[in-house]
Amino acid sequence: MSAVPADAAVDAVTARACTVPTDAPESDGTLEWDATTIVVVTVTAEGVTGLGYTYCDAAAARLVDGLLADVLRGRDALDVGGAWAAMWQAIRNLGQSGIAAMAVSALDIALWDLKARLLGVPLVVALDATHEAVPAYGSGGFCSYSDHRLGHQLSGWAESGFRAVKIKVGRRPDLDEHRVRVARQAIGPDVALYVDANGALTRGEARRWAQLYARRDVRWFEEPVSSDDVDGLRAVRDATTGGVEIAAGEYGWALPHFRHLLDAGAVDCLQADVTRCGGITGFRRVAALADAYGVDLSAHCAPQVSAHAACSVWHPRHVEWFHDHVRIERLLFDGCLDPVAGRLTPDRERPGHGLALDEVAAERWAA
């Protein structure tokens with residue numbers, strides 16, 4: 001561990017957006033897309049740079065370069081909690097959600113990475129992590145996929161050691177039972193099958209599908225209705241049988257959203273996205289709330305950062321190994337983790353989260 005100057009102050013903050021085309025057209029229950037934008041930020045102090053990111057519109061980069069950079073410059077680089085609170089206060093009049101929350105999330109990740117690098121320790125050590133590794137589940141199975149592509153993707157994950165995989169449903173409900181059969185044939189009887197409707201269904205439809213999924217040995221039904229419909233999620237949960245868990249929370253920005261889900265008994269497993277919910281600081285706050293209700297927390301997407309964040313909380317269920325984000329992170333960053341037997345283990349030999357931006361790749365896809 002290296003000595004850190006007492007006056008290690010933030011002296012530079014940067015942001016850039018990259019838009020990376022998908023490797024094929026993709027869709028879920030409510031959206032279609034052919035590219036994904038990632039906003040990458042850096043925070044520098046004493047010649048050391050921390051890196052963070054969020055999956056968001058390029059507008060977040062402008063917010064980082066302007067208002068939030070002004071908040072951070074000159075602050076103690078080791079005081080991540082103080083910086084988080086100052087950024088959260090600064091976006092009060094912008095609305096502490098959406099693009100503003102995602103910009104704060106990216107910077108909080110970068111600040112934690114910077115702190116760990118200044119201390120000369122891995123991020124999981126700086127976070128006083130309670131776990132060496134965290135399970136991951138394969139996630140993709142887009143509604144736009146052919147049966148062949150769906151089966152190939154899922155069987156690949158199963159063969160590599162994942163114990164659970166997830167597919168998208170809800171765009172063409174008339175095809176979903178068939179797609180579930182294709183998925184089960186691809187993964188065999190011993191791998192858990194999850195489905196995600198992205199809020200595409202009505203309450204009545206979701207209850208009927210929950211009952212069907214129970215008969216098809218589906219273990220996880222994510223966002224059967226919108227996460228904003230807390231009563232609807234509870235109604236679907238009450239109607240489920242056969243071990244199907246209801247999950248939601250990926251669109252939560254701040255603690256009240258997560259508390260409403262938990263107060264209502266709307267979920268069996270809570271989700272949070274480290275690139276949306278206030279970064280690692282926000283993720284850990286959500287985890288403490290989930291602990292108070294005796295509910296596990298699952299990390300949504302952004303697997304390279306989520307692995308570190310999830311290892312730092314008491315009751316992580318798993319990390320989502322999301323096809324799009326896995327591909328983008330491997331294209332843009334050096335030092336990416338690879339799952340072994342379906343688990344992600346943060347590298348304890350490299351300072352920070354271990355990621356470094358590939359400048360050539362970033363320039364290629366600059367937005």
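Angles under 35 degrees between helix axes count as roughly parallel. In this predicted model, the axes of helix α9 (residues 255-263) and helix α10 (residues 279-293) cross at roughly 20° and come within 10 Å. The two helices, α9 and α10, are therefore roughly parallel to each other. The crossing of α9 with α10 is right-handed. On the α9 side, the contact involves Leu255, Phe258, Arg259, Leu262 and Asp263, which meet Arg285, Val286, Leu289, Ala290 and Tyr293 of α10. By class, 7 of these residues are nonpolar and 3 are charged, with no polar residue in the contact.

A second helix pair is formed by α6 (residues 173-187) and α7 (residues 203-215), which pack at an angle of about 15° with their axes 11 Å apart. The same cut-off of 35 degrees applies, and α6 and α7 are therefore roughly parallel to each other. Their crossing is right-handed. Helix α6 contributes Pro173, Asp176, Glu177 and Val180 to the contact, and helix α7 contributes Trp209, Leu212 and Tyr213. The contact of α6 with α7 comprises 5 nonpolar and 2 charged residues, and no polar ones.

Helix α6 is also among the elements against which the buried residues of helix α5 pack. Helix α5 spans residues 147-160, 14 residues in total. The distance from the first C-alpha of α5 to the last is 20 Å, close to the 20 Å expected at 1.5 Å a residue. The buried residues of α5 are Leu150, Gly151, Gln153, Leu154, Ser155, Trp157 and Ala158. Besides α6, the elements packed against by these buried residues are strands β4 (134-139), β5 (164-168) and β11 (316-322), together with helix α12 (323-332). After α5 comes Gly161, which has a positive phi, near 115°.

Helix α12 contains His323. The relative accessibility of His323 is 16%, and His323 therefore counts as buried, the cut-off being under 20%. With its neighbours within four places in sequence left aside, His323 is in contact with Asp23, Glu26, Ser139, Gly140, Phe142, Tyr145, Gln153 and Trp157. Among these partners, Gln153 and Trp157 belong to the buried residues of α5.

Methods:
Residues are numbered from 1 along each chain as its sequence is written. This is a predicted model: local features need pLDDT of at least 70, side-chain atom pairs count only at pLDDT 80 or more; totals for chains, interfaces and linings use all residues. Side-chain values use heavy atoms; hydrogens and water are left out. Axes are lines fitted to C-alpha atoms, for helices over the stretch in contact, and angles run from 0 to 180 degrees between N-to-C directions. Helices (H or I, at least four residues) and strands (E, at least two) are DSSP runs, numbered from the N terminus. Angles under 35 degrees count as roughly parallel, over 145 as roughly antiparallel, 65 to 115 as roughly perpendicular and the rest as oblique. A crossing is left-handed if the near helix is turned anticlockwise from the far one by less than a right angle, and right-handed if clockwise. Contact means heavy atoms within 4.5 Å. Ala, Val, Leu, Ile, Met, Phe, Trp, Tyr, Cys and Pro count as nonpolar, Asp, Glu, Lys and Arg as charged, and the others, Gly among them, as polar. The expected span of a helix is 1.5 Å times one less than its number of residues. Buried means under 20% relative accessible area, exposed over 50%, partly exposed in between (1.4 Å probe, protein chains only).
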